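Work through these exercises with the sequence and the 3D view open. Try each task before you read its solution.

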Amino acid sequence: MNHAIRVHEYGGPEKLVWEEIPLPAPKPGEALVRHQAVGLNYIDVYFRTGLYKAPALPATIGMEASGIVEAVGEGVTAVAPGDRVAYATAPIGAYAEARTIKADRLVRLPDAIPFESAAAMMLQGMTACFLLTRTYAVRPGQTILVHAAAGGVGLIMVQWAKALGCTVIGSVSTEEKAELARAHGADHIVVGLETLPARVKEITAGAMLPVVYDSVGRDSFVPSLDCLAPYGMMVSYGNASGPVAIPDIGILAAKGSLYLTRPTLATYTAKREDLEACAKGLFEVVSKGAVQIRVNQSFALKDAAEAHRALEGRRTTGSTVLLP
Ligand code: NDP
(Lines give C-alpha, C1' and ligand atoms only; values in the text may rest on other atoms or scores of the structure.)
Protein backbone atom coordinates (compact mmCIF):
# COMPACT_ATOMS: atom_id res chain seq x y z
CA MET A 1 0.00 0.00 0.00
CA ASN A 2 1.33 3.43 -0.92
CA HIS A 3 -0.68 6.52 -0.13
CA ALA A 4 -0.06 9.94 -1.59
CA ILE A 5 -1.54 13.42 -1.79
CA ARG A 6 -2.56 14.06 -5.38
CA VAL A 7 -4.02 16.96 -7.34
CA HIS A 8 -6.63 15.98 -9.94
CA GLU A 9 -7.42 19.57 -10.85
CA TYR A 10 -5.71 22.83 -9.93
CA GLY A 11 -7.26 24.95 -7.22
CA GLY A 12 -7.45 25.55 -3.47
CA PRO A 13 -6.19 23.32 -0.64
CA GLU A 14 -9.40 21.24 -0.93
CA LYS A 15 -8.00 19.87 -4.21
CA LEU A 16 -5.37 17.89 -2.29
CA VAL A 17 -6.64 14.30 -2.22
CA TRP A 18 -5.20 11.50 -0.04
CA GLU A 19 -5.40 8.29 -2.03
CA GLU A 20 -3.72 5.02 -2.87
CA ILE A 21 -1.29 5.03 -5.79
CA PRO A 22 0.94 2.36 -7.29
CA LEU A 23 4.55 2.04 -6.17
CA PRO A 24 6.64 0.82 -9.11
CA ALA A 25 9.91 -1.07 -8.66
CA PRO A 26 12.94 1.17 -9.25
CA LYS A 27 14.12 1.32 -12.87
CA PRO A 28 17.82 1.41 -13.82
CA GLY A 29 19.44 4.42 -12.12
CA GLU A 30 16.57 4.83 -9.64
CA ALA A 31 16.10 4.19 -5.93
CA LEU A 32 12.93 3.47 -4.00
CA VAL A 33 12.81 5.68 -0.90
CA ARG A 34 10.44 5.09 2.03
CA HIS A 35 9.78 8.60 3.33
CA GLN A 36 10.17 9.44 7.00
CA ALA A 37 9.33 13.13 6.59
CA VAL A 38 8.28 15.37 3.69
CA GLY A 39 9.16 19.07 3.43
CA LEU A 40 6.44 21.69 2.94
CA ASN A 41 7.51 24.44 0.54
CA TYR A 42 5.85 27.39 -1.12
CA ILE A 43 6.49 25.82 -4.51
CA ASP A 44 3.99 23.11 -3.51
CA VAL A 45 1.32 25.83 -3.44
CA TYR A 46 2.27 26.92 -6.99
CA PHE A 47 1.92 23.32 -8.23
CA ARG A 48 -1.44 22.98 -6.47
CA THR A 49 -2.89 26.20 -7.86
CA GLY A 50 -1.50 25.62 -11.36
CA LEU A 51 0.79 28.68 -11.32
CA TYR A 52 3.43 26.04 -12.08
CA LYS A 53 2.15 23.18 -14.24
CA ALA A 54 2.58 19.50 -13.38
CA PRO A 55 3.75 17.29 -16.29
CA ALA A 56 0.31 15.58 -16.20
CA LEU A 57 -2.73 15.30 -13.91
CA PRO A 58 -3.44 13.68 -11.53
CA ALA A 59 -0.09 14.57 -9.99
CA THR A 60 1.58 13.88 -6.67
CA ILE A 61 3.07 17.22 -5.65
CA GLY A 62 6.08 17.89 -3.39
CA MET A 63 9.80 18.24 -4.08
CA GLU A 64 11.54 17.39 -0.82
CA ALA A 65 11.72 14.49 1.60
CA SER A 66 13.98 12.35 3.74
CA GLY A 67 13.80 8.61 4.20
CA ILE A 68 15.39 5.21 3.90
CA VAL A 69 16.42 3.56 0.66
CA GLU A 70 14.40 0.36 0.34
CA ALA A 71 15.57 -0.90 -3.06
CA VAL A 72 17.74 0.25 -5.95
CA GLY A 73 17.55 -0.32 -9.70
CA GLU A 74 20.25 -1.66 -11.96
CA GLY A 75 23.49 0.31 -12.07
CA VAL A 76 22.97 2.27 -8.83
CA THR A 77 26.11 2.39 -6.74
CA ALA A 78 25.83 5.78 -4.98
CA VAL A 79 23.24 4.55 -2.46
CA ALA A 80 22.22 1.15 -1.13
CA PRO A 81 19.19 -0.30 0.69
CA GLY A 82 19.20 0.86 4.30
CA ASP A 83 20.87 4.22 3.59
CA ARG A 84 19.44 7.35 5.23
CA VAL A 85 18.93 9.91 2.45
CA ALA A 86 17.23 13.19 1.58
CA TYR A 87 16.48 15.17 -1.56
CA ALA A 88 15.13 18.45 -2.87
CA THR A 89 14.51 18.13 -6.57
CA ALA A 90 12.16 17.87 -9.50
CA PRO A 91 10.22 15.94 -10.61
CA ILE A 92 7.37 16.46 -8.15
CA GLY A 93 6.17 13.41 -6.21
CA ALA A 94 7.33 13.82 -2.62
CA TYR A 95 3.87 13.94 -0.96
CA ALA A 96 3.81 10.13 -0.74
CA GLU A 97 4.62 7.42 1.75
CA ALA A 98 7.25 6.14 -0.70
CA ARG A 99 8.43 6.88 -4.24
CA THR A 100 11.03 6.04 -6.82
CA ILE A 101 13.50 8.76 -7.80
CA LYS A 102 16.76 9.11 -9.71
CA ALA A 103 19.46 7.91 -7.32
CA ASP A 104 21.87 10.66 -8.38
CA ARG A 105 19.52 13.25 -6.89
CA LEU A 106 19.81 11.70 -3.41
CA VAL A 107 22.19 12.87 -0.74
CA ARG A 108 23.31 10.62 2.13
CA LEU A 109 22.42 12.11 5.52
CA PRO A 110 25.02 12.58 8.25
CA ASP A 111 24.05 10.49 11.32
CA ALA A 112 23.61 13.62 13.43
CA ILE A 113 20.83 14.99 11.21
CA PRO A 114 17.38 13.60 12.08
CA PHE A 115 14.88 12.86 9.31
CA GLU A 116 12.55 15.71 10.27
CA SER A 117 15.31 18.33 10.20
CA ALA A 118 16.54 16.94 6.90
CA ALA A 119 13.10 17.21 5.28
CA ALA A 120 12.84 20.72 6.67
CA MET A 121 16.23 21.93 5.46
CA MET A 122 17.15 20.48 2.09
CA LEU A 123 15.16 22.73 -0.20
CA GLN A 124 15.10 25.89 1.91
CA GLY A 125 18.68 25.46 3.16
CA MET A 126 20.26 24.70 -0.22
CA THR A 127 18.35 27.70 -1.56
CA ALA A 128 19.85 29.92 1.13
CA CYS A 129 23.25 28.44 0.25
CA PHE A 130 23.22 29.19 -3.47
CA LEU A 131 21.58 32.61 -3.04
CA LEU A 132 24.15 33.84 -0.52
CA THR A 133 27.25 32.19 -1.96
CA ARG A 134 26.69 32.05 -5.73
CA THR A 135 23.81 34.18 -7.07
CA TYR A 136 25.24 37.15 -5.24
CA ALA A 137 28.17 36.11 -3.06
CA VAL A 138 27.87 38.34 0.00
CA ARG A 139 30.98 39.70 1.71
CA PRO A 140 31.59 40.41 5.39
CA GLY A 141 30.52 43.92 6.31
CA GLN A 142 27.81 44.21 3.64
CA THR A 143 24.26 45.11 4.58
CA ILE A 144 21.61 43.01 2.85
CA LEU A 145 17.81 42.72 2.81
CA VAL A 146 15.99 39.40 3.24
CA HIS A 147 12.22 39.38 2.70
CA ALA A 148 9.89 37.06 4.64
CA ALA A 149 12.70 36.85 7.19
CA ALA A 150 10.73 34.66 9.62
CA GLY A 151 9.74 32.12 6.94
CA GLY A 152 11.38 28.85 5.94
CA VAL A 153 14.05 30.16 3.57
CA GLY A 154 14.10 33.52 5.37
CA LEU A 155 15.04 32.29 8.83
CA ILE A 156 17.87 30.19 7.37
CA MET A 157 19.09 33.11 5.22
CA VAL A 158 19.19 35.45 8.22
CA GLN A 159 21.34 33.06 10.27
CA TRP A 160 23.62 32.11 7.37
CA ALA A 161 24.18 35.71 6.30
CA LYS A 162 25.08 36.61 9.88
CA ALA A 163 27.57 33.73 9.93
CA LEU A 164 29.08 35.21 6.74
CA GLY A 165 29.54 38.54 8.48
CA CYS A 166 26.69 40.57 6.99
CA THR A 167 24.41 43.09 8.62
CA VAL A 168 20.92 41.75 7.94
CA ILE A 169 17.75 43.75 7.45
CA GLY A 170 14.66 41.51 7.46
CA SER A 171 11.16 42.34 6.26
CA VAL A 172 8.16 40.62 7.87
CA SER A 173 4.42 41.27 8.25
CA THR A 174 3.92 41.10 12.02
CA GLU A 175 5.62 42.06 15.28
CA GLU A 176 5.62 38.41 16.35
CA LYS A 177 7.59 37.46 13.22
CA ALA A 178 9.88 40.43 13.83
CA GLU A 179 10.75 39.02 17.26
CA LEU A 180 11.51 35.61 15.80
CA ALA A 181 13.77 37.00 13.07
CA ARG A 182 15.60 39.15 15.63
CA ALA A 183 16.05 36.12 17.87
CA HIS A 184 17.77 34.41 14.92
CA GLY A 185 20.19 37.27 14.38
CA ALA A 186 18.49 39.88 12.19
CA ASP A 187 20.01 43.27 12.98
CA HIS A 188 17.08 45.38 11.75
CA ILE A 189 13.48 44.45 11.03
CA VAL A 190 11.00 46.36 8.93
CA VAL A 191 7.35 45.42 9.44
CA GLY A 192 5.35 45.86 6.22
CA LEU A 193 6.48 47.15 2.84
CA GLU A 194 5.16 50.71 2.95
CA THR A 195 8.09 52.25 4.78
CA LEU A 196 10.75 49.84 3.52
CA PRO A 197 12.91 52.05 1.24
CA ALA A 198 12.76 54.93 3.73
CA ARG A 199 13.80 52.65 6.60
CA VAL A 200 16.64 51.16 4.54
CA LYS A 201 17.82 54.66 3.72
CA GLU A 202 17.84 55.49 7.43
CA ILE A 203 19.62 52.26 8.44
CA THR A 204 22.31 52.59 5.75
CA ALA A 205 22.70 56.38 6.21
CA GLY A 206 21.67 56.86 2.60
CA ALA A 207 24.05 54.29 1.07
CA MET A 208 21.28 51.75 0.26
CA LEU A 209 22.01 48.07 -0.45
CA PRO A 210 24.21 46.00 -2.76
CA VAL A 211 21.65 43.16 -2.88
CA VAL A 212 18.02 42.37 -2.04
CA TYR A 213 16.78 38.77 -1.76
CA ASP A 214 13.09 38.94 -2.64
CA SER A 215 10.78 35.92 -2.33
CA VAL A 216 7.54 37.85 -2.03
CA GLY A 217 7.29 38.84 -5.70
CA ARG A 218 4.46 41.03 -6.92
CA ASP A 219 3.90 43.14 -3.79
CA SER A 220 7.57 43.74 -2.99
CA PHE A 221 9.23 44.05 -6.40
CA VAL A 222 9.24 47.84 -6.77
CA PRO A 223 9.90 48.61 -3.08
CA SER A 224 12.84 46.18 -3.31
CA LEU A 225 14.32 48.01 -6.31
CA ASP A 226 13.99 51.22 -4.31
CA CYS A 227 16.23 49.74 -1.59
CA LEU A 228 19.18 49.14 -3.94
CA ALA A 229 22.28 51.26 -4.39
CA PRO A 230 23.39 51.99 -7.99
CA TYR A 231 24.53 48.76 -9.72
CA GLY A 232 22.73 46.77 -7.01
CA MET A 233 21.51 43.22 -7.57
CA MET A 234 17.82 42.39 -7.34
CA VAL A 235 17.47 38.67 -6.63
CA SER A 236 13.83 37.82 -7.29
CA TYR A 237 13.54 34.18 -6.30
CA GLY A 238 9.89 33.63 -5.42
CA ASN A 239 6.28 34.74 -5.81
CA ALA A 240 4.49 34.25 -2.49
CA SER A 241 2.29 37.29 -3.21
CA GLY A 242 1.92 36.49 -6.93
CA PRO A 243 4.18 36.57 -9.99
CA VAL A 244 6.09 39.71 -10.92
CA ALA A 245 5.22 41.45 -14.16
CA ILE A 246 7.92 43.86 -15.31
CA PRO A 247 6.18 46.54 -17.34
CA ASP A 248 9.35 47.97 -18.80
CA ILE A 249 12.97 46.86 -18.45
CA GLY A 250 13.81 50.58 -18.34
CA ILE A 251 12.84 50.50 -14.65
CA LEU A 252 16.30 49.00 -14.00
CA ALA A 253 17.92 51.98 -15.72
CA ALA A 254 15.77 54.54 -13.97
CA LYS A 255 16.56 53.12 -10.54
CA GLY A 256 20.35 53.09 -10.95
CA SER A 257 21.69 50.66 -13.58
CA LEU A 258 20.47 47.73 -11.52
CA TYR A 259 20.98 44.01 -12.14
CA LEU A 260 18.06 41.60 -11.97
CA THR A 261 18.15 37.81 -11.72
CA ARG A 262 15.46 35.15 -11.27
CA PRO A 263 17.44 32.13 -10.02
CA THR A 264 16.24 28.61 -9.19
CA LEU A 265 17.64 25.81 -7.06
CA ALA A 266 17.12 23.48 -10.02
CA THR A 267 19.70 25.34 -12.12
CA TYR A 268 22.16 25.72 -9.26
CA THR A 269 22.07 22.00 -8.36
CA ALA A 270 21.65 20.52 -11.84
CA LYS A 271 25.20 19.16 -11.81
CA ARG A 272 25.89 16.43 -9.29
CA GLU A 273 29.00 18.25 -8.01
CA ASP A 274 26.97 21.40 -7.35
CA LEU A 275 24.30 19.41 -5.51
CA GLU A 276 26.95 17.74 -3.34
CA ALA A 277 28.74 21.02 -2.61
CA CYS A 278 25.49 22.74 -1.70
CA ALA A 279 24.35 19.90 0.60
CA LYS A 280 27.82 19.71 2.19
CA GLY A 281 27.82 23.46 2.85
CA LEU A 282 24.39 23.20 4.43
CA PHE A 283 25.23 20.20 6.63
CA GLU A 284 28.39 22.01 7.81
CA VAL A 285 26.66 25.22 8.95
CA VAL A 286 23.92 23.18 10.62
CA SER A 287 26.33 20.75 12.31
CA LYS A 288 28.41 23.54 13.79
CA GLY A 289 25.28 25.33 15.00
CA ALA A 290 25.72 28.48 12.88
CA VAL A 291 22.31 27.76 11.35
CA GLN A 292 19.53 26.18 13.37
CA ILE A 293 16.69 24.53 11.51
CA ARG A 294 13.41 25.48 13.08
CA VAL A 295 10.68 22.92 12.45
CA ASN A 296 7.95 25.11 13.87
CA GLN A 297 4.98 23.16 12.46
CA SER A 298 4.31 19.56 11.60
CA PHE A 299 1.22 17.94 10.11
CA ALA A 300 0.23 14.43 9.12
CA LEU A 301 0.89 14.05 5.39
CA LYS A 302 -2.77 13.21 4.85
CA ASP A 303 -3.61 16.64 6.33
CA ALA A 304 -1.51 18.49 3.74
CA ALA A 305 -4.50 20.76 2.95
CA GLU A 306 -4.36 22.12 6.47
CA ALA A 307 -0.63 22.76 6.09
CA HIS A 308 -1.21 24.61 2.81
CA ARG A 309 -3.87 26.81 4.45
CA ALA A 310 -1.43 27.74 7.20
CA LEU A 311 1.41 28.48 4.76
CA GLU A 312 -0.69 30.60 2.41
CA GLY A 313 -2.40 32.27 5.35
CA ARG A 314 1.07 33.46 6.52
CA ARG A 315 0.51 31.60 9.79
CA THR A 316 3.70 29.51 9.65
CA THR A 317 7.19 30.51 10.71
CA GLY A 318 10.43 28.67 10.00
CA SER A 319 10.05 25.26 8.38
CA THR A 320 7.16 22.79 8.26
CA VAL A 321 7.18 19.04 7.76
CA LEU A 322 4.50 16.56 6.75
CA LEU A 323 4.68 13.14 8.39
CA PRO A 324 3.64 10.04 6.43
P1 NDP B 1 7.82 30.95 3.63
O2 NDP B 1 7.90 30.18 4.87
O3 NDP B 1 8.76 32.06 3.42
O4 NDP B 1 6.33 31.46 3.47
C5 NDP B 1 6.01 32.49 2.63
C6 NDP B 1 6.07 33.86 3.35
O7 NDP B 1 5.96 34.88 2.37
C8 NDP B 1 4.93 34.11 4.31
O9 NDP B 1 5.12 33.54 5.58
C10 NDP B 1 4.89 35.62 4.34
O11 NDP B 1 5.76 36.14 5.32
C12 NDP B 1 5.44 36.02 2.97
N13 NDP B 1 4.38 36.61 2.14
C14 NDP B 1 4.37 37.88 1.68
N15 NDP B 1 3.27 38.12 0.98
C16 NDP B 1 2.54 37.00 1.00
C17 NDP B 1 1.27 36.65 0.46
N18 NDP B 1 0.54 37.54 -0.24
N19 NDP B 1 0.82 35.41 0.67
C20 NDP B 1 1.54 34.52 1.35
N21 NDP B 1 2.74 34.79 1.91
C22 NDP B 1 3.25 36.02 1.72
O23 NDP B 1 7.92 29.94 2.37
P24 NDP B 1 9.21 29.14 1.84
O25 NDP B 1 10.33 29.33 2.76
O26 NDP B 1 8.79 27.78 1.46
O27 NDP B 1 9.51 29.88 0.47
C28 NDP B 1 9.84 31.26 0.48
C29 NDP B 1 9.90 31.75 -0.93
O30 NDP B 1 11.08 31.28 -1.55
C31 NDP B 1 8.74 31.37 -1.84
O32 NDP B 1 8.42 32.47 -2.65
C33 NDP B 1 9.34 30.28 -2.67
O34 NDP B 1 8.72 30.14 -3.92
C35 NDP B 1 10.77 30.76 -2.82
N36 NDP B 1 11.72 29.71 -3.12
C37 NDP B 1 12.38 29.79 -4.31
C38 NDP B 1 13.32 28.86 -4.65
C39 NDP B 1 14.07 28.99 -5.93
O40 NDP B 1 14.78 28.06 -6.32
N41 NDP B 1 13.94 30.09 -6.64
C42 NDP B 1 13.60 27.72 -3.79
C43 NDP B 1 12.90 27.75 -2.51
C44 NDP B 1 11.97 28.71 -2.23
P45 NDP B 1 5.36 37.56 6.01
O46 NDP B 1 4.00 37.33 6.59
O47 NDP B 1 6.41 37.84 7.00
O48 NDP B 1 5.34 38.57 4.88
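**Exercise 1. Find how strand β13 pairs with β14, then place Tyr-231.**

Solution. Strand β13 covers residues 228–236 and pairs with β14 in the parallel sense, over 3 bridges. Two strands count as paired if DSSP finds at least two bridges between them. Met-233 has Tyr-259 as its bridge partner in β14. Now go to Tyr-231, which is found in strand β13. Its phi is positive, about 65°, although Tyr-231 is not a glycine. Tyr-231 is exposed, with a relative accessible area of 62%. The cut-offs: buried is under 20% relative accessible area, exposed is over 50%, and partly exposed lies in between (1.4 Å probe, protein chains only).

Some ground rules before the next task. This is a predicted model, in which local features need pLDDT of at least 70, side-chain atom pairs count only at pLDDT 80 or more, and totals for chains, interfaces and linings use all residues. Residues are numbered from 1 along each chain as its sequence is written, and side-chain values use heavy atoms, with hydrogens and water left out. Helices (H or I, at least four residues) and strands (E, at least two) are DSSP runs, numbered from the N terminus.

**Exercise 2. Lay out the open sheet that holds β14.**

Solution. Start with the order: β11-β10-β9-β12-β13-β14, an open sheet of 6 strands with parallel pairing. The edge strands are β11 (188–191) and β14 (259–261), and each pairs on one side only. On average, neighbouring strands of this sheet are turned by 15° against each other, direction ignored. Next, add helix α5 (residues 196–203). Helix α5 lies across β9 (143–146), β10 (167–172), β11 and β12 (209–214), and runs at about 160° to β11. Axes are lines fitted to C-alpha atoms, for helices over the stretch in contact, and angles run from 0 to 180 degrees between N-to-C directions. Finish in the loop between α5 and β12, the place of Met-208. Phi of Met-208 is near 65°, a positive value in a residue other than glycine. Met-208 is buried, at a relative accessible area of 16%.

**Exercise 3. Trace β16 and its partners.**

Solution. Strand β16 spans residues 319–323, and 4 of its 5 residues are buried. Take strand β3 (residues 30–39): β3 and β16 pair in the antiparallel sense over 2 bridges. Here Val-38 stands opposite Leu-322. Then take strand β15 (residues 295–300), which runs parallel to β16 and is joined to it by 5 bridges. Ala-300 has Leu-323 as its bridge partner in β16. Last, add helix α10 (residues 304–312): β15, α10 and β16 make a right-handed β-α-β unit. Right-handed means that, with the strands pointing away from the viewer, the path from the first strand over the helix to the second runs clockwise.

**Exercise 4. Describe the surroundings of α10.**

Solution. List the buried residues of α10: Ala-304, Ala-305, Ala-307, His-308, Ala-310 and Leu-311. They pack against β1 (3–7), β2 (16–20), α1 (42–49), β15 and β16. Contact means heavy atoms within 4.5 Å. Now compare axes: α1 and α10 pack at about 110°, with their axes 10 Å apart. The two helices are therefore roughly perpendicular to each other. The scale: under 35 degrees is roughly parallel, over 145 roughly antiparallel, 65 to 115 roughly perpendicular, and the rest oblique. Tyr-42, Asp-44, Val-45 and Arg-48 of α1 meet His-308, Leu-311 and Glu-312 of α10. Just after α10, Arg-314 takes a positive phi of about 60°.

**Exercise 5. Count the disulfides and check Cys-129 and Cys-278.**

Solution. Apply the rule: a disulfide is a pair of cysteine sulfur atoms within 2.5 Å. The count comes to 0. Cys-129 is in no disulfide, and its nearest cysteine sulfur, that of Cys-278, is 3.7 Å away. Cys-129 counts as buried at 9% relative accessibility, and Cys-278 at 6%. Helix α2 (residues 115–135) and helix α9 (residues 272–287) pack at about 100°, with their axes 9 Å apart. Cys-129 of α2 and Cys-278 of α9 are among the residues that make this contact.

**Exercise 6. Locate two cis peptide bonds.**

Solution. Most peptide bonds are trans. The bond from Leu-57 to Pro-58 is cis, with omega near -5°. Pro-58 is found in the loop between α1 and β4 (59–60). Another cis bond joins Ala-90 and Pro-91, with omega about 0°. Pro-91 is found in the loop between β6 (84–88) and β7 (98–102).
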